[in-house]
Structure formats: structure tokens, C-alpha cells
Amino acid sequence: MRHLLSATLLLTACEGALLGGAVTPEAPAEPAPVAPMAMPTGGGVAAPLEPTFPTFAPGVLRPRVMLGQWYRNTVRDVLGDAAMNAVSVTPDLTEGGLVTIGASSKSVTPTDVTRFEDNGFLAAQAVLGDATGRARVIPCTPANATDSACMQQVVTTLGRRLFRRPLSTDEVTRWRGIGLSAAQGYSSFTRGVEFVIAGFLQSPNFIYLDERGAADAATGWQKLDPYELASRLSFFLVQSTPDDALLDAAATGGLSTVEGVRAQAERLLRRTEARDAVSSLFDEVFELEGLMSAQKSDPAFTREVATSMRQELRYLFAHVALDPGNDFRDLLTTRMGFVDRRIAPLYGVPGPMSGFQPVELPEARAGVLTRLGYLANKAHDADTSPTHRGKLVRQRLLCMAVAMAPPDVVAVVPPPDQMNRRTFRQRLEERTAEPRCQGCHQLMDPFGFPFEGFDSLGRPRTLDNGLPIDSTGAFDPIFSRHERYTGAKDFAALLHDDPRFTECMTTTVFRQATGRFEAESEGRALYELHRAWKQTGYRYADLVVAVVTSDAFRFGTVE
Amino acid sequence: MLKGAGAAIALPTLEAMLNSHGTAYAQGQQFPKRYLMWFFGNGVNLPRWRPSAQGQGAAWQLSEQLQPLAMHKDLLTVVGGCNVRIASKRGHHDGVAAMVSGAEIFPLPAGNAPYASRLTQRSIDQDLADVIGAQTRFKSMQLRVSKRIVRGEGPTLAFLSHASPTAPLEATENPVTLFNQLFTGVMNSPNDPRNTLRTSVLDAVRDEARALHGKLGAADRARLDQHLTGIAELRQRVQQLPAAPTGACRVPGAPTQTNADVSGQEQIEAVNGVMSDLMAMALACDLTRVVTYQFSGSVGFHTFNWLGTGPRASEHSLTHDQNEQGKVHDSVVFSMRCFARTLTAMRAITEGPSTVLGNSAVLCTSDVSEGFTHSGQDYPILVAGAAGGALRTNMHYRATGGRNTSDVLLALLQAVGGPTFTGVGAGGGRSTTPMREIMTS
């Protein structure tokens, strides 16, 4: 498997190379099965050649450890709010910028085992602590403390939601036995149920999403069974365990066809939890967690303001992705904003008395890259940071790698010198003028200069250190994109039309859906997903449906 | 203070807490030796950290930054002049890796972070736990005070204990959780079937984990091995018979401190106090003998806003600002005040003629010498406690020739774990020469 951050970079680089007849650097030793061919395009532009790809095979399936958010949501959906509030989770492991990928390599440590046990009993005691909760998890009236039939019903109904599939006969016998032992030991049916719930929440059948499928004769790959597919869909789209409707669909063949998968995906996308899932994904893409520890000497920046900045973007992501009729690329150009009374003044618009409200932001604001949450997060204490701002665009919006700074470099821009006045941009350009700095800084800084019109909190400005700011530049010269921009709106328009952006979003959504980097042998699948998305007008829901109905999502290989 | 809290509520003697070999530590008997690593992030200002004179007893005096430790000077040794000798050079990563493992770091895909790494050997506290912790309820414990740690750059910066290079051990940062782990569930009456039932549940969980294990490829089987180890350890703790109390072991009053922020601000000093008291009692009750204590994280994302006036930048930002070195100094002094509080908690518990602190070896260090330079030279190292007489104390010793920091690690491993430890670390950080100058033999 290849780390596709760099693979995407290569793919991009080879679009130019292909015109010169070179093969892609990713091509395998064996001959590529598909010859390059002309692809029709509109507008009379010369048709680019279709790149070649290795033979398609889906990537490797690895068990994923349930993420903290998934765990909490599952406890909430199955056991209720009180149980959810009783459990604690620890931060997830991030890999390639996504916790969903980290979940494929995370190990459960002894500390986790202890926490799972604590959580199991705490959640069980919380749900069983009142009559409503007991009715929620005990679907029958036990005739006595050790009513075996009723215990079996508890085990089968809760087990189906928590293991995300029907339990085997052996499993039913095992967990019913534990429930009955505890019920007998305490002369209490409810205490018996407590041990069943606590046990389920520690079981590897609950903790791991093991989507190994079964060998499929037709393709030679592993095919996910309907319940595995249900889990994959549900955690991707609503960050929680499959609901009853989805499990019913799995049981009755409703996920055995592409049409069935599509229908369920579209249903899940209409749930409110789908908005949280989209917000969480792009919260990670934009690295918004960083806002929570950002430090500014400006007293206008408080933790409450930082939280509101982050919330605005979460609303924006869900709006652009899921509200009807939106083109996902609007993310880069829309003036639709969401403000509360804390951040409205920073935008210079009236704010609501309470909560958030949608507003049209001032002319200077075009898309997510002109919002406080991005601009303040990717800035220094009092200065802006073209490097950090640009690096996010390069890495997270174009999926291109930037090498790390050499370890001996003191990556600090010198402070202002009043004898030799300079803007921060000027000092940065002087500091990074050496060729060994430029190797990386030319990948980052030109993507950050357009935002020099916004200060370290994201407010508009015209001066820096008393000198006029300079927010002009050439778009991406090292990739032969020499278009000039002046300011954020120009730049956002260029990015909006850059296919590398929508390719990167395709890759990101694919990774989020599958919890892994794409395999080299999935290059064609990603290419086709992107092409299909383009043809349908870049609606986010269309991309999601295309991903979940693709072979790469529904099949896999095993080691 | 624990003693006060203990006296305030009529406490049951902790009958549940036997040391697990079945030997009660009566007067005159041998008390266990313990190891504590107390870690603070982002280094010191060396000129204000180094004591001026070397020597033992009255021959040396505490420096400006070490003043808060005055009441523990008699059990303190300051080690200077050592360098981080591992070959990896990546500020913060190399320092913390050298001080927890003595071995190199391994770069990981960094994603959006500037750099990421993991260790290449497990941390030494885990080696020690195999030898001295195998029989206690918790083979080792991981604690944390400041929650502002760097998680985006791999396990090296985020954790101090690593069961293996790919299995870092998460720390407990909520004192209420810690209390529940340590002191609840052990006071059951013999008729309560709870622990027997917990064991049955763990057996079921183990069987299901084994079934999954059998289906996986090699890489994922290694992950399940970790999980199975955790299940086995928990099962052992649940099953272990209650033991006789030592003279000082008491169930402390349940804390209410949860380490939640108040108005966006960490409650560091309060959390540190409660955490220190609980940890000291866990040691006194022989629930564990090996602890890593992350007071603040590598790189220094924490902010000590209550020091001085006006809002402060994070420790990390301060150290890189030439004009803010005064605030950095204040922060080091504050960290040392909190370290002193931990030592006070350990010293407050008497063990025969000595105290928990007297029977422990405490290593106090950081991830860089000075945050401003990211240097690994002249590393700030404090050793507190006498490890039951194995360590010399009340001393300032400066090594010469850029001596390997791992020599200190090996001295502490031998002082606590005995001669079974013949070497530590790997590559440039490898040491087979314990720093005898700080040992009594």
C-alpha cells in the first residue's frame, strides 16, 4: 500500500508529464491494462489524456478500534443519554490527518481495557438506574430473578445493536449464562442485565469494527457481508451503530444490491447526525482542534470566541455539503456565514441575541478560507502566518505533501525592527530566501499571501506594522499555474476551479469512508469517482453515494 | 493534604490492600522500592537552574529555579553536565525519548503535523515494572496533570510510558477516575459475588478476543495480543486476594477534583496536589511501584495564566521569545513548586524509620534543556529520594565530557531494580556504565 498523500502529488505532476508521453511514476512493472485514451471535454479545450492505472483490486481490510465519538454515540443510541454521560473516552489516534485511519492501527492497551470495564459498568448502572432506562433495555417482564427466556431476549436484542449483527447461538448461550449467574448471585434480574451490558461493552465484537467479509468467488476478493456493510455505512455517515432499519435491511437482502446500498445511504444522509458527521470530518481537515489551544495576546480572543469560530465552520461544512442544491465547491466562495453574538462583531455584522444565525457576510469574505476559524487558527499570536495558512491549503485541500523543516532550522521569523520597517510578509520572504528554505516554502507561502488582508484574528486590515499589506501573488508557479491574484477572493476563485481540489476532496471522503489510505491498485477507482462527481455537479451527497456503492467500499482483501 | 483528609472521615483500615506476596510490611521489615518519573515540558533556563557550587550537604546551595525544593534539599540530587547522546536530532522528540528509553526515535508519517515519531524501544519504566511491578495490582501507573499535550506528533511527545514502541500507555488525568481505580471495588465484603462475576465477564471477553485473533493477519494479531495482555492483567487484579494493611495505608477521602477547566483555564496546582496525594497513597498501599507522572507535556502547550499579570502565551511560545525569558523562569519555578508538592505527599507517609519518598527513586526531567535552543546539552536532571539507601542525596554533581544521560537512567534502574539491569538504551544512547557518583555502592 502506498501513502497516497504523495501519490496524489505524483498523479498531479504526471498530468503534465503524460502530455509528453511519459508513463505515470506509479505504473507497476506489469503492463497497464488500459491504454491512454482521449476523454471528451466541453468548451473546445484540448482533451487531456486519461492516465493509466494498475489493475483494480480493493485495499486491505483491517479491524478498526471504535473511535471515541462512535463509542459515545453508540452508547447514546442504544442505552440513552444518561449512559452516554457516564462513559469516558480518550483521544483517538490520528494518522494521515484522520482519526478514522488511526483507528486501523490503534492497539487496545491495558489502560483501555480497564477503562472499557469501568465504562461498561457505569453505562449499565446509568441506564438501569430508572424505570425508563430499564424499559429501554429489558423488552420483557421477568417472571423471577433468573427468568432465562427474558434474559435471552435482553441478550439477543441488545446484542444485535451492539455487535451490529445477530448473535450466534454460542454467543447467546454465553451471555445469557453470565446474566443469569449475576442475577442469581444478587437475586436480581436487573443486576444480571447489568453484567450483560457491561460485558457487551468490553467485548471485541463491540470494540472492533471487523469488516473482513467472506471470500467471493466471482471477484476473488473478500466481499463484506450485509451487516459489515451496514456498520461501515452507519459509522461513516452518522458516526454511530446501525439503526434498526439498517439492520433490518441487512437481514432482508436490502444491502445486497447497489440500489439498496444507495437507498440506505440517502436515508442516513437525511438524519441530523449526518450533519455532525460531515462537520467532524471537515473539522479535522481544517485542523480546527488547534483553535482550542491557540494563544493570542489580543484580549478579543477568548476560549469562548474560539469555540464560536469553530462552530461557525462546522455549520458551514454541513450547509455546503448537505443542504439541497449546493455545489461542494461553494465552500470556497460562499458569503453565507453563521454568527453568534461573540463573533458577529469580528465580522462587522449584527448578531443574534442567542445561538447562531445565518447571515450574508461582507463583500470581502469569500468561502471558508476567509472565515475567522481558519484565519485565526493558522496565524501566530499577533502576526499572520502565510506559511501555516498556505500549508493547510496545500496539504489538506490539494492533498499534496510538504516535507518537514530540517531539524536544525530555527523556524522563526525575526521580530519587527523599527530601524528597518518591514511587514511580516517581507520579513518572512527575507528569512526564507535561501534555496534550502524555498524548496518547501514555495509550496506553502504563495497559498497564504492572499490572506494578508486578514489579521491574526481574521479581521480585515490594510496595514501591517504600519506599512500597506501585500496580498498579491501568482497562483501556483511551480506547477505551471502563473495566474495572478490579488487578495482572498481572487485566490478562492482559482482554487474553486482547480481539479486538484475536488480530487483531494474525493480522496479525503474515500479515506474517511474506508478508514484507510487508498491502495495503489485503487487509483482507477478514485479517478472514476472524481469524474463521476464532476459530471453530477459536485453535490456532496452524490460523492458519498458513489463512494459507498463502489467496489472499493464494498470489497476488500485480507493479509 | 491526605493526612488531614484521612482523619476527617473515620476511615476503615484498608484490609483489602495486601501486598500480594502475602508478606505484610510490619515494623522493621523491608519496604518496597519504587520508581517515579516526574516530567515537565519544555526545559529550564540553564543559567538560573544550575546551582553554583558542587558537593554534598552544606557544600552546595539550591539555585534560583530550585528554591521551591528547599524543604527537600536533604533528599535531592542535582545532576548536571550530561548530554542526550542518541543520534536522532529532532527538538523535543529526541530529549523525551532519551529520558524515557535511552534509545532512538522512529519517524512516522506526519500528516499535517510538522513531524511525528514513536520510540524504538519500550520505556524503561516498563522494563522496571516487569521486575518490581509484576505482583502489584497495577504493574505500572500513568498519570497526567496538564491536559494540553501535543497529540499530533506521534506517541513520543504525547506519552511517557510505552509498553512497546507501538503501544503507548494513556495516562489518567482525572483524579476522581484515579481514586475509583485505586480504591473502589477492593472493599467488597467476602459475600459479594462481584469480583467472581467480573472474572466470568473477562473470561468471555477473552474468549471472544481469541476468536477474533485467530482470524487476523500478523500485524493485526499483534494488536490483539496487546488487548489480550490487558485483559489478563485486569483479570489478575480482579482476582487478587486482599492483603493485610501496612501501617500507613488508608483509603483516602474521595476527591471531587475532576481536572476540568474553569473558565477555559486548567487548575494545575489543585489537580497536582490531589493527584500527588492519591499517587503517594497508591505507593504506600503497594498498589503499584512504578509511576510516570506527566505534570506538563513535551513542547509545552500548557499556559500558566495565573503567573504574573495579563494573558500569557503558551509555554512553548514564551520560550521562543527572547523578551519573555522572565516568564519562562517564573514557569520553571512554578513547576518546581508543584514538584515539591509531590515530594511532600510522598514524604508525609512514614515507612518504619523512613518515608515513601525515602524508599523511592524519583527522576525529574524534561524534553529539552532549554526551550529557546531545543538543546539536549547539559540536560536538567533532578533525582529525589534515596531508593531505600541506594542513592546518595543532598548533592550537586556535575559530570564532565558530555556524559550520557542514560548513565543516570541505569543508575536509577539498578538502585530500584538491582543488578539485573546491566544496560539501558540503544545506539548512541546505550549505557552500561551507571552513574556511580550518585549511588551509594
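A residue is buried if its relative accessible area is under 20%, exposed if over 50%, and partly exposed in between (1.4 Å probe, protein chains only). Helices (H or I, at least four residues) and strands (E, at least two) are DSSP runs, numbered from the N terminus.

This is a predicted model, in which local features need pLDDT of at least 70 and side-chain atom pairs count only at pLDDT 80 or more, while totals for chains, interfaces and linings use all residues. Residues are numbered from 1 along each chain as its sequence is written, chains are lettered from A and ligands numbered from 1 in the order in which they are written, and side-chain values use heavy atoms, with hydrogens and water left out.

**Exercise 1. A covered strand**

Task: Decide how many residues of strand 12 of chain B are buried, and find which way they point.

Solution:
- Start with the count: six of the six residues in strand 12 of chain B are buried, so this strand is mostly covered.
- Next, recall a general pattern: side chains in a regular strand alternate between the two faces of the sheet.
- Now look at the residues: Ser360(B), Val362(B) and Cys364(B) point one way, whereas Ala361(B), Leu363(B) and Thr365(B) point the other way.

**Exercise 2. The neighbours of that strand**

Task: Find the strands that pair with strand 12 of chain B, and place them in their sheet.

Solution:
- Two strands pair if DSSP finds at least two bridges between them.
- Strand 1 (residues 34-39) of chain B runs parallel to strand 12 (residues 360-365), and six bridges join the two. Here Tyr35(B) is opposite Ala361(B).
- Strand 13 (residues 381-384) of chain B runs antiparallel to strand 12, with four bridges. Here Val362(B) faces Ala384(B).
- Finally, read the order of the open sheet of eight strands in chain B: 2-14-3-13-12-1-9-6, with mixed pairing. Its edges are strand 2 (55-56) and strand 6 (141-144), each pairing on one side only.

**Exercise 3. A sheet in chain A**

Task: Work out which strands lie at the edges of the open sheet 3-4-11 of chain A.

Solution:
- This sheet has three strands and antiparallel pairing.
- The edge strands are strand 3 (214-215) and strand 11 (555-556) of chain A.
- To check one pairing, take strand 3 and strand 4 (residues 222-223) of chain A: they are antiparallel over two bridges, and Ala214(A) stands opposite Lys223(A).

**Exercise 4. Two packed helices**

Task: Describe how helix 14 (residues 272-285) and helix 22 (residues 499-514) of chain A pack.

Solution:
- Two packed helices are described by the angle and the distance between their axes.
- For helix 14 and helix 22 of chain A, the angle is about 120° and the axes are 12 Å apart. Axes are lines fitted to C-alpha atoms, for helices over the stretch in contact, and angles run from 0 to 180 degrees between N-to-C directions.
- Angles under 35 degrees count as roughly parallel, over 145 as roughly antiparallel, 65 to 115 as roughly perpendicular and the rest as oblique. Helix 14 and helix 22 of chain A are therefore oblique to each other.

**Exercise 5. Aromatic rings**

Task: Classify the pair formed by Phe328(A) and Trp533(A), and locate its two partners.

Solution:
- Rings of Phe, Tyr and Trp (its six-membered ring) pair if their centres lie within 6.5 Å; planes under 30 degrees apart count as stacked, over 60 as edge-to-face and the rest as tilted.
- There are 36 aromatic pairs over all chains. In the pair of Phe328(A) and Trp533(A), the centres are 6.1 Å apart with 45° between the planes, which is tilted.
- Phe328(A) is in the loop between helix 15 (303-322) and strand 5 (336-339) of chain A, and Trp533(A) in helix 23 (residues 523-535), 205 residues apart.
- Both Phe328(A) and Trp533(A) are buried, and both belong to a ring cluster that includes Tyr538(A) and Tyr540(A).

**Exercise 6. Positive phi**

Task: Are Ser263(B) and Ala387(B) buried or exposed?

Solution:
- Most residues other than glycine have a negative phi.
- Ser263(B) has a positive phi of about 50°, and at 70% relative accessibility Ser263(B) is exposed.
- Ala387(B) also has a positive phi, near 50°, but Ala387(B) is buried, with a relative accessible area of 0%.
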